[in-house]
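Please open the structure in your viewer and show it as a cartoon. The tour below proceeds by selection, with a short account of what is found at each stop.

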Amino acid sequence: MITKSAAGAALAGLLGGNLLVAAPASPPLPPGGAAILTWTPEQQAFGYKNMEKIAPVRVIKRGKTVHPLPQAGAQIDPTFAVGDKSYNTDRYMREFRASGVLVIKNGKIVLERYGLGRNPKERWTSFSVAKSVTSTLIGAAVKDGKIKSLDDRVARYIPELKGSAYDDVTVRQLITMSSGVKWNESYTDPNSDVAKEGLSILEPGVNPVVSYMRRLPREAPPGAKFVYKTGETDLAGILLSNAVGEPLAQYLSEKIWQPYGMEQDGIWVEDVAGHERGGCCISMTLRDYGRMGQFMLDHGVADGREVLPAGWTEDATAPHVADPPYGYFWWIVPGGYEAEGIFGQTVSMFPEDHLVVVINSAWPAAWSEEIDAVRKRYVAALRAAAH
């Protein structure tokens, strides 16, 4: 769920005169790495839609066709109350710094709004929404026969993990975050695992994520305990690229981006070794987030072909962990499931309602129970209004 440098102002001369006029100055680039967790509101608004200027990325190439998202004849904008406050979409977006809200019902847009100076062609970082994309690509690799079984040992695909606490962990346990390996996901502690993992080369020739993760101790038997671990989703990304023999961005382009018809190239932030982070930081447009949600509602069918194994979307979004309800890097919610990222990124799907709700934000904190409670009320109001 995280992470990942100075720009100068250009001067433009007016033709036909001696007057020099300053071109609009780009803001100084925010710092990368773990410093992303402490960006100011101004740095967030610029940096979240310009990650390729701040961190190394790999491009997720779009194809020649675009999956249509027509606007529905009837649009929605519900009001809802929290305490003594009444909200509509504009107030919600203003108070909780949303850069985009998109609601798709039966494949048609019933609400689309932008904030924080963002426009429809601009991408926005996903943070941990990327985790759910990674698990979906693992499904594609199972369909392709590149991953033989979710019950295979992780070390079959990442041999450097042999002899570590991950030696007996299965792929299924990895993608449900129930490995039993000890981990600290604190976003306010600079010495936490999530703040340090993958940011420096520990052993030449070994991916820095693998180097970091194979040093961690065990605290519970595999499968016995859920602990949210961004490091394990990064491991899942390495496992996936090892299995398919190509970069994650290329595989995502081949399996979903091109055949499903994303409208813009995406980008995926890399670690210091040049490997995309399975747990973080794919950037895409608001509508392409919506298309990812619609792809899941379409049971993983793209361009008439099944990208995922039969029943994968139902299995991946079932509660394989009871407390909290968690699937294969998907959060289970009443009536549906969500991909969630810190600072207010969510893609929510409600299969029986044929509904996708996307919210991109720049919250003042990585996580806030209070803000998330309002978001949940807003999503419930959107869901009711779209019925």
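What follows is a walk through two sheets, the helices that lie on them, and a disulfide, all in a predicted model.

**First stop: the six-stranded sheet**

Select β7, β6, β16, β15, β14 and β13, and the strands will appear in that order as an open sheet with antiparallel pairing. Turn next to its edges, which are β7 (108-114) and β13 (331-333). Each has a single partner strand, so one side of each is left without a neighbour in the sheet. On average, neighbouring strands here are turned by 15° against each other, direction ignored.

Now restrict the selection to β13 and β14 (residues 336-341), an antiparallel pair joined by three bridges. Displaying side chains will show Ile332 opposite Tyr337 of β14.

**Second stop: helices on this sheet**

Add residues 129-143, which form helix α3. Helix α3 lies across β14 and β15 (345-350), and its direction makes about 120° with that of β14.

Then add helix α11, residues 369-385. Which strands does α11 lie across? They are β6 (98-105), β7, β14, β15 and β16 (355-361), and the helix runs at about 145° to β16. The 17 residues of α11 reach 24 Å from the first C-alpha to the last, close to the 24 Å expected at 1.5 Å a residue. Colour its buried residues: Ile371, Asp372, Val374, Arg375, Tyr378, Val379, Ala381 and Leu382.

**Third stop: the four-stranded sheet**

Move to β3, β9, β10 and β8, which form an open antiparallel sheet in that order. At the edges are β3 (57-60) and β8 (124-125), each pairing on one side only. Strand β3 is antiparallel to β9 (residues 266-269), with four bridges between them; within this pair, Arg58 stands opposite Trp268 of β9.

Select residues 248-260 to bring in helix α8, which packs on the sheet and touches β3, β9 and β10 (282-284). The direction of α8 makes about 15° with that of β3. Helix α9 (residues 286-297) lies across β8 and β10, at about 110° to β10.

**Last stop: the disulfide**

The structure holds one disulfide. Which cysteines does the disulfide join? Select Cys280 and Cys281, whose sulfur atoms are 1.8 Å apart. Are these residues buried or exposed? Cys280 has a relative accessible area of 0% and is therefore buried; Cys281, at 1% relative accessibility, also counts as buried. The cut-off for this label is under 20% relative accessible area.

Conventions. Residues numbered from 1 in each chain as written. Predicted model: local features only at pLDDT ≥ 70, side-chain atom pairs only at ≥ 80, totals over all residues. Heavy atoms only, no water. Pairing = 2+ DSSP bridges. Helix = DSSP H or I, 4+ residues; strand = E, 2+ residues; numbered from the N terminus. Axes fitted to C-alpha atoms, helices over the stretch in contact; angles between N-to-C directions. Contact = heavy atoms within 4.5 Å. Expected span 1.5 Å × (residues − 1). Buried < 20%, exposed > 50% of the residue type's maximum accessible area, 1.4 Å probe, protein only. Disulfide = S-S within 2.5 Å.
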